Amino acid sequence: MLTLDQQFQNITYIGQDLSRDGYDNCEFIRCDFTKSDLADVTFTECRFVQCDFSMARMDNIGLKDVRFQECKFLGTDLSKCSPFLLKMYFE
């Protein structure tokens, strides 16, 4: 399922399986993805602000022109991201 132009605030995804979803031009503010399964999810032109990705599974995740501001990645392996059109910014 592809989600377009949405804003998500203060949502807890802890331990949830979000695999195979897609997000285009979305913004996530203070969302908690701790221990969630983001395998095969594609984020295109998305922005994450103060989100927690601790211990999240990111196998083959697509991060295409994605911005992370003040996000937490404790124990998250970003080396498993898909290299196809990989473009990330960290602030």
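Student: Which residues does Leu38 touch, not counting residues up to four places away in sequence?

Tutor: Keep in mind that this is a predicted model. A contact here means heavy atoms within 4.5 Å. By that rule Leu38 touches Leu18, Phe33, Phe53, Ala56, Arg57, Met58 and Ile61.

Student: Which residues touch the most other members of the largest nonpolar core?

Tutor: Leu38 is one of them. The others named are Phe28, Phe33, Phe43, Phe48 and Phe53. The core holds 24 residues. Strand-wise, E7 gives the most to this core, with three residues.

Student: Arg57 is on the contact list of Leu38. With which residue does Arg57 form a salt bridge at 3.0 Å?

Tutor: Look for a side-chain nitrogen of Lys or Arg within 4 Å of a carboxyl oxygen of Asp or Glu. Arg57 pairs with Asp37, and their closest N and O atoms are 3.0 Å apart. Arg57 sits in the loop between E6 and E7, while Asp37 sits in the loop between E4 and strand E5 (42-44), so the pair ties together parts that are 20 residues apart in sequence.

Student: Are the two partners buried or exposed?

Tutor: Take them one at a time. Arg57 counts as partly exposed because its relative accessibility is 40%. Asp37 counts as buried, at 16%.

Student: Which other salt bridge does Arg57 form?

Tutor: Arg57 also bridges to Asp59, where the closest N and O atoms are 3.1 Å apart. Asp59 is partly exposed, with a relative accessible area of 24%. Shared partners then join Asp37, Arg57 and Asp59 into one network.

Student: How many salt bridges does the count come to?

Tutor: Three. One of them links Glu27 and Arg47, with the closest N and O atoms 2.2 Å apart. Glu27 belongs to strand E4 (residues 27-29) and Arg47 to strand E6 (residues 47-49), so this pair too ties together parts that are 20 residues apart in sequence.

Student: Why does Glu27 count as buried?

Tutor: The cut-off for buried is under 20% relative accessible area. Glu27 has 18%, so Glu27 is buried. Arg47 has 34% relative accessibility, so Arg47 counts as partly exposed.

Student: Now the cysteines. How many disulfides does a search of the whole structure find?

Tutor: Zero. The test asks for two cysteine sulfur atoms within 2.5 Å. Try Cys46: the nearest cysteine sulfur, that of Cys26, is 4.9 Å away, and Cys46 is in no disulfide.

Student: Why is there no bond between Cys51 and Cys71?

Tutor: Distance again. The sulfur of Cys71 is the closest cysteine sulfur to that of Cys51, but they are 4.8 Å apart, so they are too far for a bond.

Student: Are Cys46 and Cys51 buried or exposed?

Tutor: Cys46 is buried, at 2% relative accessibility. Cys51 is buried as well, with a relative accessible area of 2%.

Student: One last residue. Where does Leu86 lie?

Tutor: Read the flanking elements. Leu86 lies in the loop between strand E7 (62-69) and strand E8 (87-90). Its relative accessibility is 39%, which means Leu86 counts as partly exposed.

Student: What does Leu86 touch, not counting residues up to four places away in sequence?

Tutor: Leu63 and Cys81.

Student: How many Å separate the C-alpha atoms of Leu86 and Gln7?

Tutor: The separation is 22 Å. Along the chain, Leu86 and Gln7 are 79 residues apart.

Notes
Residues numbered from 1 in each chain as written. Predicted model: local features only at pLDDT ≥ 70, side-chain atom pairs only at ≥ 80, totals over all residues. Heavy atoms only, no water. Helix = DSSP H or I, 4+ residues; strand = E, 2+ residues; numbered from the N terminus. Buried < 20%, exposed > 50% of the residue type's maximum accessible area, 1.4 Å probe, protein only. Core = buried A, V, L, I, M, F, W, Y, C linked by side-chain atoms within 4.5 Å.
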